[in-house]
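Got the viewer open? Load the model below, and we'll walk through it one selection at a time.

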Amino acid sequence: MVAAAYGMEDAIYRASSQHRLWSFTAESLAGVRKATNAAAAAQVREAIARAREKKKANGAAARNGTANATGRGGDGNGGGGPVNSDAGTPVDGCGNGNGPDGREIECLTAEEELKLVRYYCRKIMDIATVFEFPTNVKATAPTFLRRFFTRTSPMTYHPKTLLSTILYLTTKTENHYIHLKDFSSKIPKSSPEEILAPEFVVAMGLRWCFEVKHPFRGLEGVIMELIKVAEGKYTPPSDPQETNPFTPPTPAEWQAKLHNLPPLPTSPHLLPKPRIERAHGKARSLLSGPALLTDAYFLFTPPQIYLSSIYLVDPPLAHFYLDLKHPYPHQSTLLQKLKSIIESCAEEVRKGGEPGAQISKEEMDEVKRIDRKLYFCRNPEKVDLVGVSKQAKRGVTEDEESGTGAGGPAETEKREREVKKRKLEREKSFREGEELFGSQGK
């Protein structure tokens, strides 16, 4: 991304965690998504293989138990009856139900994952609207969702299972308090524990970065400046870098330039103030809806995003504002570069569709197809979000603690070494804490 010429605002953004952790080029973002998808696909295949082996072992043990019961004089229906292996049924709802065990599992592609995430971005915005949350909460929730699923695959965690958790986390990070019981009471088939359980996993997926710099406030500043121009009260700041004698246009000249902009095809007789107000409303609608369904936040800065929204609804007005902010001759090269960036950003925002547009039948059919495919390639070890959260907080699974689990002797020995190492690290940390603060028993 190229720096926008808005000095302090852009410098603040570039010092933020959002820019440091969640800013990409289009190529690097595509690379991250492909790497995430490939890693998740490998993990899913391994997890389903482990689940199938465990199911086979349990089935064999159950059949042996039944045989023993029959040999002791049972009628063949005692001891729980014969066990059906259900070879064609998904393991824990997540295996390959289209064929026998061992068949290659067809995982989602990176493109399919992105389509699914985009759909659930719509859903989380709809839920925020039902709660009547303010704009910042409605905008941050889908941003968190897109961030999380940049480095986490829907094959690992289904987006639907995390919507309420991400939305509730958003209310806290955006300082819009709502009691957990009140929140969960409005979410069907949910409990406070289920909402909070994945929060730790989500926070890790967000890389503990809860700051989202939105373009809304910047848009308001642009509109205020344009209204000043329309009133003939705007005076551009002087530029200390301008060495050649140059006098920028006067407030009256800027006012005349604004009045003489090319008319809009749909509203040719609008005066400057109503035109600015029209652009304001339409640009804000773009920012609070379609822009959040795209990669704009990953690829562009907030000033570039809000200027692109104005460009989409009134191109002459957007170009006028850029000219207004860069009136000096030495800024001409930068000005042309900025206009090119704004147009590129506008193309990205345009991918989100029209404000308020409903999802098309074709898109909905595609989402349903992807969701059916996902049913057979979810990671069975990540379905129980409450259990996964407990493991994430402890940093070790129950099987690892007991030294059991899938794999041969070498794998078991490796896990045991890792468990012992973590235990020693925890003990060392505890001893250091006692040395620093003193024992509770003293």
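Start with the whole chain: of the 442 residues in the protein, 42% are buried (under 20% relative accessible area with a 1.4 Å probe, protein chains only; over 50% is exposed, and in between is partly exposed). Before you click further, note that this is a predicted model, where local features need pLDDT of at least 70, side-chain atom pairs count only at pLDDT 80 or more, and totals for chains, interfaces and linings use all residues. Residues are numbered from 1 along each chain as its sequence is written, and side-chain values use heavy atoms, with hydrogens and water left out.

Switch to cartoon and you'll get 20 helices and zero strands. Both are DSSP runs numbered from the N terminus: H or I over at least four residues for helices, E over at least two for strands. Contacts here mean heavy atoms within 4.5 Å. Among the protein's contacts with a separation of 6 or more, 79% join residues 24 or more positions apart.

**Stop 1: the core.** Select M155, L167 and F183, the residues with the most contacts inside the largest nonpolar core, which has 94 residues. Such a core is a set of buried Ala, Val, Leu, Ile, Met, Phe, Trp, Tyr and Cys residues joined through side-chain atoms within 4.5 Å. Now add helix α4 (residues 110-130), which gives the most to this core with eight residues. Which residues does L167 touch, not counting those up to four places away in sequence? Show I124, I127, A128, F131, F133, V137, A141 and F183.

**Stop 2: α10 and its partners.** Select helix α10 (residues 216-230) and helix α11 (residues 251-259): their axes come within 8 Å and cross at roughly 105 degrees. The axes are lines fitted to C-alpha atoms, for helices over the stretch in contact, and angles run from 0 to 180 degrees between N-to-C directions. The pair is therefore roughly perpendicular (65 to 115 degrees; under 35 is roughly parallel, over 145 roughly antiparallel, and the rest oblique). Show sticks for L226, V229 and A230 of α10 and W254, Q255 and L258 of α11, which make the contact. They divide into five nonpolar, one polar and no charged (Ala, Val, Leu, Ile, Met, Phe, Trp, Tyr, Cys and Pro count as nonpolar, Asp, Glu, Lys and Arg as charged, and the others, Gly among them, as polar).

Next, swap α11 for helix α15 (residues 315-325), whose axis is 11 Å from that of α10, at an angle of about 85 degrees. That makes α10 roughly perpendicular to α15. Here V222, E225, L226 and V229 in α10 meet L317, F320, Y321, L324 and K325 in α15. This contact divides into seven nonpolar, no polar and two charged.

**Stop 3: two buried helix residues.** S17 is in helix α2 (residues 17-22) and counts as buried at 17% relative accessibility. Leaving aside neighbours within four places in sequence, S17 is in contact with W22, C209 and E211. Draw a C-alpha to C-alpha line from S17 to R207: 190 residues apart in sequence, 9.8 Å in space.

Then jump to E348 in helix α16 (residues 332-350), buried at 10%. With residues up to four places away left out, E348 touches T294, D295, A296, L299 and F300.

**Stop 4: the cysteines.** How many disulfides are there? The count is zero, taking a disulfide as a pair of cysteine sulfur atoms within 2.5 Å. Select C107, buried at 9%: its closest cysteine sulfur, in C377, is 5.0 Å away, too far for a bond. Finish on C345, buried at 0%.
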